[in-house]
Amino acid sequence: MNQFTRDKKAVARASAILLLSLTAAVVAVTLITVLSRPKTPVTPGGDTLPPVHGSETEREIIRPKPVTPETKKPTPETKAPPVTSSVTPETEPLEPVVAPVTVTWTSPLAAPTLLKAHDLTAQVFSRTMNDYRVHTGVDLGTSDGAVVYCAADGVITGVTDDPFMGRTVTVSHENGYTSYYKNLAPLDVPGVTVGAKVSAGTKLGAVGESAIIEISDEPHLHFEITKDGEPVDPLEVVKITFSEPAYEG
């Protein structure tokens with residue numbers, strides 16, 4: 001055996017001894033660690049309890065009871081409270097019921113005579129125009145310059161000079177009525193202006209001769225009434241006491 005071979009065997013022997021020494025050291029450290037660790041009691045269910053020290057051994061150890069599907073109490077179902085809305089449903093406001101206003105009428109002239117009646121079907125002869133035509137109002141005969149009064153409470157809506165019917169005052173009343181006073185004298189009366197409120201018996205003017213298509217007739221007031229824009233017979237609306245029997249001509 002040469003020197004190289006002997007050196008090789010010596011190195012292998014030394015390596016084996018070192019490996020055995022390290023292994024023995026690791027085993028010794030592991031045994032010491034395990035033996036020095038305190039013992040921890042184990043519950044039957046496999047749960048590990050903390051170690052008991054000193055006076056704690058005198059107290060009763062309460063072990064948690066394992067929860068199983070059989071022992072778990074069902075959670076009672078709770079119903080959510082009903083949701084109340086703070087939004088008030090929209091409702092259409094009720095319209096107040098308004099009773100129609102009763103219109104009280106009075107004669108526009110004191111003790112007139114009836115010269116021409118109201119007629120929308122049969123034509124009446126016109127002396128001035130020398131023809132026959134319908135008559136939408138009534139001609140109330142009186143003296144020239146006689147005072148003309150408003151026949152009911154209302155508002156003046158017109159003071160005009162009509163080219164055929166002359167000075168005309170128009171008054172609007174409740175319940176769709178409108179009254180017209182034509183053939184007035186062309187005089188300005190204080191307070192008789194458009195928009196003015198007037199009462200029954202208010203002076204509107206005086207009888208004149210401004211209606212050129214009725215200028216051949218006796219002095220008179222041409223008096224008309226409409227209901228919702230349609231002509232009506234004034235004598236069916238206003239009670240007029242005539243001074244003498246009616247004359248038509």
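At 73% relative accessibility, Asp188 counts as exposed. In this predicted model, the residue takes part in a salt bridge with Arg167, in which the closest N and O atoms are 3.7 Å apart. Asp188 lies in the loop between β8 and β9 (197-198), whereas Arg167 belongs to strand β7 (residues 166-172), so the pair ties together parts that are 21 residues apart in sequence. The two partners differ in their surroundings: Asp188 is exposed, but Arg167 is buried, because its relative accessible area of 10% falls under the 20% limit. The contact is also part of a wider arrangement, since Asp161, Arg167 and Asp188 are linked in a network of salt bridges.

The overall architecture provides the setting for these details. The protein has one helix and 12 strands. Read from the N terminus, the order of elements is α-β-β-β-β-β-β-β-β-β-β-β-β, with the helix preceding the strands. Of the 249 residues, 28% count as buried. The protein exposes about 17,800 Å², and carbon and sulfur atoms supply 59% of this area. Among contacts with a separation of 6 or more, 66% are accounted for by residues 24 or more positions apart.

The helix contributes to a nonpolar surface feature. Val27 is found in helix α1 (residues 3-36). Together with Leu31 and Leu35, Val27 forms a nonpolar patch on the surface, and the three residues have about 330 Å² of accessible area together. Val27 itself has a relative accessible area of 45% and is therefore partly exposed, as this value lies between the limits of 20% and 50%.

Salt bridges were examined next. The structure holds four of them. In one, the side chains of Lys116 and Asp217 meet at 3.6 Å, N to O. This pair links distant parts of the chain, with Lys116 in strand β1 and Asp217 in the loop between β10 (203-206) and β11, 101 residues apart. Both Lys116 and Asp217 are buried. In another salt bridge, the side chains of Glu224 and Lys182 meet at 3.3 Å, N to O. Glu224 lies in strand β11 and Lys182 in strand β8, so this pair ties together parts that are 42 residues apart in sequence. Both Glu224 and Lys182 are buried.

Lys182 has a further partner of another kind. Besides its salt bridge with Glu224, Lys182 lies over the face of Tyr180, at 5.7 Å from the ring centre. A charge is also placed over the ring of Tyr177: the charged end of Lys227 sits 4.7 Å from the centre of that ring.

Aromatic rings were then considered, and the count comes to two aromatic pairs. The rings of Trp105 and Tyr177 have their centres 5.6 Å apart and their planes at 80 degrees; because this angle is over 60 degrees, the pair is edge-to-face. Trp105 lies in the loop between α1 and β1 (113-116) and Tyr177 in strand β8 (residues 177-184), so the pair ties together parts that are 72 residues apart in sequence. Trp105 has a relative accessible area of 16% and is therefore buried. In the other pair, the rings of Tyr181 and Phe223 have their centres 5.4 Å apart and their planes at 40 degrees, so the pair is tilted. This pair also links distant parts of the chain: Tyr181 is in strand β8 and Phe223 in strand β11 (residues 220-227), 42 residues apart. Both Tyr181 and Phe223 are buried. Strands β8 and β11 are thus linked by this aromatic pair and by the salt bridge of Glu224 and Lys182.

A final region of interest is the loop between β10 and β11, where Pro219 lies. Asp217, the partner of Lys116, is in the loop between β10 and β11 as well. At 25% relative accessibility, Pro219 counts as partly exposed. Pro219 and Ser143 are 76 residues apart in sequence, but their C-alpha atoms are 6.0 Å apart in space. Leaving aside neighbours within four places in sequence, Pro219 is in contact with Leu115, Leu140, Gly141, Thr142, Ser143, Asp144 and Val207.

Definitions and conventions. Residues numbered from 1 in each chain as written. Predicted model: local features only at pLDDT ≥ 70, side-chain atom pairs only at ≥ 80, totals over all residues. Heavy atoms only, no water. Patch = residues over 30% accessible without salt bridge, like charges linked within 9 Å, V, L, I, M, F, W, Y side chains within 5 Å. Areas by Shrake-Rupley, 256 points an atom, 1.4 Å probe, with all protein chains shown as cover. Salt bridge = Lys/Arg side-chain N within 4 Å of Asp/Glu carboxyl O. Helix = DSSP H or I, 4+ residues; strand = E, 2+ residues; numbered from the N terminus. Buried < 20%, exposed > 50% of the residue type's maximum accessible area, 1.4 Å probe, protein only. Contact = heavy atoms within 4.5 Å. Phe/Tyr/Trp six-rings, centres within 6.5 Å; stacked < 30°, edge-to-face > 60°. Lys NZ or Arg CZ within 6 Å of the ring centre and 35° of its normal.
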